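Trainee: I have a model to go through at the bench today. Can we take it step by step?

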Amino acid sequence: MSESDYRAPDLTVYGEEHVRLYRETAGESGYLWNGVPTLLLTTTGRRSGAPRTSALIFGRDGQNYLVVASVGGMPRHPAWYHNLRAQPRAQIQVGADHHRVLARTATEAEKPRLWQIMTDLWPNYDVYQSRTDRVIPVVVLEPAAD
């Protein structure tokens with residue numbers, strides 16, 4: 001996919017506003033964003049120790065949730081990815097449901113298959129990868145024991 005194939009998303013609801021709306025409505029508003037499912041990922045700030053929440057497109061691989069650390073192809077990984085690398089235990093909200101998860105970066109061997117799952121949902125990920133020299137990670141969120 002090339003830059004000419006890029007489809008700009010509707011950013012009417014984005015960032016903190018997306019998180020607020022999602023929380024207030026238990027996902028009734030915000031779960032579907034630009035036609036794709038989203039979840040809320042709450043990480044622990046690696047410097048502050050404070051909870052940080054991001055709304056992210058997600059896919060599924062069996063019982064695992066998948067998210068992509070793309071930031072639209074920016075040259076640096078998103079803060080939430082750095083937070084997960086420092087503290088892989090996190091929480092997600094999917095619709096009204098809350099789950100504890102353990103995060104890990106997809107291995108080189110599994111990434112092509114998982115990347116395909118995510119680009120089938122959101123083809124722009126291929127464009128984002130073409131915009132940067134960094135390798136955009138796929139993050140696997142595995143259910144964690146309570």
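Mentor: Start with the surface. The protein chain exposes about 8,100 Å², and carbon and sulfur atoms supply 49% of it. Accessible areas come from the Shrake-Rupley method with a 1.4 Å probe, and for residues only the protein chains shown count as cover. This is a predicted model: local features need pLDDT of at least 70, side-chain atom pairs count only at pLDDT 80 or more, and totals for chains, interfaces and linings use all residues. Residues are numbered from 1 along each chain as its sequence is written, and side-chain values use heavy atoms, with hydrogens and water left out.

Trainee: What radius of gyration does the protein chain have?

Mentor: The radius is taken over C-alpha atoms, and the globule rule is 2.2 Å times the number of residues to the power 0.38. For 146 residues, a compact globule would come out near 15 Å. The chain agrees with that, at 15 Å.

Trainee: In what pattern do the helices and strands follow along the sequence?

Mentor: Helices (H or I, at least four residues) and strands (E, at least two) are DSSP runs, numbered from the N terminus. The protein chain has four helices and eight strands. Read along the sequence, they give α-β-β-β-β-β-α-β-β-α-α-β.

Trainee: Which residues touch the most other members of the largest nonpolar core?

Mentor: A nonpolar core is a set of buried Ala, Val, Leu, Ile, Met, Phe, Trp, Tyr and Cys residues joined through side-chain atoms within 4.5 Å. Buried means under 20% relative accessible area, exposed over 50%, partly exposed in between (1.4 Å probe, protein chains only). This core has 17 residues, and those with the most member contacts are Leu39, Leu41, Trp80 and Leu141.

Trainee: Which elements give two or more residues to this core?

Mentor: One helix is on the list, H2 (79-86). The strands are S2 (36-44), S5 (64-68), S6 (89-94), S7 (97-105) and S8 (138-143). In short: S2, S5, H2, S6, S7 and S8.

Trainee: Do the buried residues of H2 sit on the same side or on opposite sides?

Mentor: The buried residues are Trp80, Tyr81, Asn83 and Leu84. They cover an arc of only 160° around the axis, counted from the directions from the helix axis to the C-beta atoms. On the other side of H2, Arg85 and Ala86 are exposed. The arc therefore puts the buried residues on the same side.

Trainee: Is Asn64 buried or exposed?

Mentor: Asn64 lies in strand S5. Leaving out residues up to four places away in sequence, Asn64 touches Gly59, Val140, Leu141, Glu142 and Pro143 (contact: heavy atoms within 4.5 Å). Its relative accessible area is 13%, so Asn64 is buried.

Trainee: How many residues apart in sequence are the parts that Arg113 and Asp61 tie together?

Mentor: Their side chains meet in a salt bridge (2.8 Å, N to O). A salt bridge is a side-chain nitrogen of Lys or Arg within 4 Å of a carboxyl oxygen of Asp or Glu. Arg113 lies in helix H3 (residues 111-121) and Asp61 in strand S4 (residues 59-61), so the distance along the sequence is 52 residues.

Trainee: By about how much of a helix are Arg20 and Glu24 separated?

Mentor: Arg20 and Glu24 form a salt bridge (2.6 Å, N to O). They are four residues apart in helix H1 (residues 15-24), so the separation is about one helical turn.
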